[in-house]
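Work through the following exercises with the sequence and the model side by side, and attempt each task before reading its solution.

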Amino acid sequence: MKYEMKEKYCYESVKDDIAGYDVPLFAAIILMVIAFIKRDSIDNSIFFAMLGISIFLFICWIGFYQIEGIVRANDTAVTFGRIFKKRIEYTSIRSINLSKEIRSYRTSMGYRAKSHRKYTRLVETITFHCEDGDHSFTCVLIPSHEYKLPGEPMSMYKNDFSNSTFSRLKDYIENKGNLENKG
């Protein structure tokens, strides 16, 4: 019987800037603005088509952020997926690194942004150093809505994260014995 590790995880972008996944949102906003600006000079059917496409793109953008990431490891490879899948063969992995970091962002609220709200979350990144380059994947360990102590950012580390999804994945792959360098 083949043993396989399969788990869902809360996906987070590896980069901390605007991701390509936000393109549908920007396209929806631009298309909607153009539709309303040009409403008098275009046919009603074109206006409603543009409006429908922008609403569809917006719904796709919202739906995309609701999809969880899936990691599946078997005897020969690990596969990460959300919409598209990335398969990494164990034989190509040289080493694996795990890191945790606190990510913060601010949002402006109210009239003329008189108040700001700070969101903080703890994320874990697993990096596979392979023959064809590095592959990184990030998940949220503590989301911002569970973070209750804004004055103590290091308090997020009081929990034991040695049993997180990526920690178990690293142990699973290293126990296969296929790594040249265990890192």
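Two exercises follow, one on a nonpolar core and one on a glutamate.

This is a predicted model, in which local features need pLDDT of at least 70 and side-chain atom pairs count only at pLDDT 80 or more, while totals for chains, interfaces and linings use all residues. Residues are numbered from 1 along each chain as its sequence is written, and side-chain values use heavy atoms, with hydrogens and water left out.

**Exercise 1.** Find the residues with the most contacts inside the largest nonpolar core.

Solution. Begin with the definition: a nonpolar core is a set of buried Ala, Val, Leu, Ile, Met, Phe, Trp, Tyr and Cys residues joined through side-chain atoms within 4.5 Å, where buried means under 20% relative accessible area (1.4 Å probe, protein chains only). The largest such core has 22 residues, and those with the most contacts inside it are Val-78, Phe-80, Ile-93, Ile-126, Phe-128, Leu-169 and Ile-173. Among the elements that each supply at least two residues of this core are strand 4 (77-81), strand 7 (115-130) and helix 3 (165-175). Leaving aside neighbours within four places in sequence, Phe-128 is in contact (heavy atoms within 4.5 Å) with residues including Val-78, Phe-80, Ile-93, Leu-169 and Ile-173.

**Exercise 2.** Decide whether Glu-124 is buried or exposed, and identify the side chains with which its side chain makes polar contacts.

Solution. Glu-124, which lies in strand 7, counts as buried because its relative accessibility is 0%. Next, look for polar contacts, that is, pairs of N or O atoms within 3.5 Å, of which, within protein, one must be able to donate a hydrogen and the other to accept it, residues adjacent in sequence counting only if both atoms are side-chain atoms. The side chain of Glu-124 makes one such contact with the side chain of Lys-100 (3.1 Å), and another, of 2.7 Å, with that of Ser-164.

Terms used: Buried means under 20% relative accessible area, exposed over 50%, partly exposed in between (1.4 Å probe, protein chains only). Helices (H or I, at least four residues) and strands (E, at least two) are DSSP runs, numbered from the N terminus.
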